[in-house]
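Hi everyone, thanks for making time. I'd like to walk you through one structure today, going from its open spaces to its ring contacts and then its charged pairs. Here it is on the screen.

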Amino acid sequence: MTDIGIDTQFDSGNIEVLSISGASARLALHKDNQSDFAQWFHFRVHGAADRELELKITGLENSAYPAGWPDYDACVSEDRDFWGRAASTYDKDEDGGTLTIRYTPGTDIAWFAYFAPYSMERHHDLVAESAASEGVEYRRLGQTLDGQPLDCLEMGDGARQVWLYARQHPGESMAEWWMEGALEVLCDPTDTVGRALRKHCRLHVVPNCNPDGSRRGHLRTNAVGTNLNREWAEPSAEASPEVLAIRAAMDESGVDFAMDVHGDEAIAAVFLAGFEGIPSWTDDLGDRFYRYQSILERRTPDFQTAKGYPKSAPGTANLAISTNQVAERYKACAMTLEMPFKDNADWPDEVQGWSPERSKLLARDCLAALLEWIESE
């Protein structure tokens, strides 16, 4: 029986092939460049039609987030359009921690990924289509270390300055699926949520804060191994030009409301993290965040408040993290939105788990909640 083949030389590809025997393979993760972070994988299997594949990704107890593997099913697609889930099991004691993926493709090629990828080509399509929409202005905020543009889309005539930005951590690709959903709302002249927000706000949208990490197949860092969401206190041109450019643009506009969009490896829920613990915390500012959180929870069952990160104690917030820095620097209602890599355990989907489609739908709910939040102030 011939051996399957495995390829990774494409946008965001990442896996190391240790051995192949027939339809089975033993694999390992690559670390981000100049970094110890490893969790993202994205590879293609060929010679696979009607064969039960057994793909073992090993050494995962040394990955960035070992708690992300139990109860996780790998993402799989045969057409790179619809992404389902392949039955997967995790054994922390096998070969340093092993995720075993089993799947029988109906076609010769199957693609596997930690989450449905959002390619740089799709990113450029999204930016081009959005920039061509009526009333949308394109702004190139700067250039990454790999020479890619840092794209921003701006729209709206209102006084409130709203910043939406995603994918500081490039492996959290659900964040850019969320952005696609948000831009579909904001750029559609027939969508009344988008129209009303453009009336009330000036919106600044950065769909991908980390193009270099995205293209390189990183989990959490840029081209030189910098975790951008730990750079907001003192960004530099050498290590974090992406944050330096975004923060400079925020300094120009000011910020009233900000949402930084992410994904969480371990928690099977959608949740928000706020800015408790910043030096200039006030109950009035905190109440604005909690009111938005309450509106979103009422609007969609996909969002909840029981599960999430612990709140920082007074005066202990890490100002190198975006949400804390933006809240402190601009006295803004800032927040981090987290979506699951696994599934929403409260509303599970056995076929897709958490998916691009649900990420996009959540974006519309988040924007509708923002509109209600503004109009009820």
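Let's start with the largest pocket, which has 33 residues in its lining; nearest its centre are Ala-273, Gly-274, Tyr-309, Pro-310 and Thr-336. Please keep in mind that this is a predicted model. Which elements give two or more residues to that lining? They are the strands β15 (257-264), β16 (271-273) and β17 (333-340), together with the helices α6 (283-299) and α7 (322-330). The volume of this pocket comes to about 640 Å³. In character, the lining residues split into 13 polar, 11 nonpolar and 9 charged.

Staying with α6 and α7 for a moment, the loop between them holds Ala-306. Ala-306 counts as exposed, at 76% relative accessibility. Its C-alpha is 9.3 Å from that of Ala-269, with the two positions 37 residues apart in sequence.

Now the second largest pocket, with a volume of about 310 Å³. Its lining has 13 residues, and Arg-80, Pro-117, Tyr-118, Ser-119 and Arg-122 are the ones nearest the centre. Here the split is 5 nonpolar, 3 polar and 5 charged.

Arg-80 deserves a closer look. This residue lies in the loop between β6 (74-77) and β7 (84-86), and it is exposed, with a relative accessible area of 53%. Where does the charged end of Arg-80 sit? It is over the ring of Trp-111, 4.6 Å from the ring centre. For those of you who check backbones, phi of Arg-80 is near 60°, a positive value in a residue other than glycine. Asp-95 also has a positive phi, near 55°, and is not a glycine either. You'll find Asp-95 in the loop between β8 (88-91) and β9 (98-103), where it is partly exposed at 39% relative accessibility.

What about enclosed space? The structure holds 1 cavity of 30 Å³ or more, and the volume of the largest cavity is about 30 Å³. Among the residues lining it are Ser-12, Trp-40, Arg-167 and His-218. By type, that lining has 6 polar residues, 2 nonpolar and 1 charged.

On to the rings. The count is 20 aromatic pairs. Take Phe-41 and Tyr-114: their ring centres are 5.9 Å apart and the planes meet at 45°, so this pair is tilted. The two are 73 residues apart, with Phe-41 in the loop between β3 (24-28) and β4 (42-46) and Tyr-114 in the loop between β10 (109-113) and α1 (120-131). Are they buried or exposed? Phe-41 is buried, at 0% relative accessibility, and Tyr-114 is buried as well, at 0%.

Tyr-114 has another partner, Phe-341. Here the ring centres are 4.3 Å apart and the planes are at 20°; since that angle is under 30 degrees, the pair counts as stacked. This contact spans 227 residues, reaching from Tyr-114 to Phe-341 in the loop between β17 and α8 (356-375). Phe-341 is buried too, with a relative accessible area of 0%. These three rings belong to one aromatic cluster, whose members also include Phe-43, Trp-69 and Phe-112.

Last topic: charges. Side chains of opposite charge can pair when their charged atoms come close. In this model the count is 26 salt bridges.

One of them joins Arg-364 and Asp-191, at 2.9 Å from N to O. Arg-364 is in helix α8 and Asp-191 in the loop between α2 (174-186) and α3 (192-200), so the bridge ties together parts 173 residues apart in sequence. Arg-364 is partly exposed at 34% relative accessibility, whereas Asp-191 is buried at 11%.

Another is between Glu-377 and Arg-288, also 2.9 Å, N to O. Glu-377 follows α8 and Arg-288 lies in α6, so parts 89 residues apart are tied together. Both ends are partly exposed: Glu-377 at 48% and Arg-288 at 24%.

Glu-372 and Arg-299 form a bridge of 3.0 Å, N to O. This one links helix α8 with helix α6, across 73 residues. Glu-372 is partly exposed at 23%, and so is Arg-299, at 37%.

Finally, there is a network of salt bridges linking Glu-137, Arg-139, Glu-154, Arg-202 and Glu-252. That's my tour, and I'm happy to rotate the view for anyone who'd like another look.

Methods:
Residues numbered from 1 in each chain as written. Predicted model: local features only at pLDDT ≥ 70, side-chain atom pairs only at ≥ 80, totals over all residues. Heavy atoms only, no water. 1 Å grid on protein atoms, 1.4 Å probe; cavity = no way out; pocket = protein on both sides within 12 Å on 5 of 7 lines; lining within 4 Å. Points joined across faces, edges and corners; volume = space filled by probe spheres on them. Helix = DSSP H or I, 4+ residues; strand = E, 2+ residues; numbered from the N terminus. Nonpolar A, V, L, I, M, F, W, Y, C, P; charged D, E, K, R; others polar. Phe/Tyr/Trp six-rings, centres within 6.5 Å; stacked < 30°, edge-to-face > 60°. Buried < 20%, exposed > 50% of the residue type's maximum accessible area, 1.4 Å probe, protein only. Lys NZ or Arg CZ within 6 Å of the ring centre and 35° of its normal. Salt bridge = Lys/Arg side-chain N within 4 Å of Asp/Glu carboxyl O.
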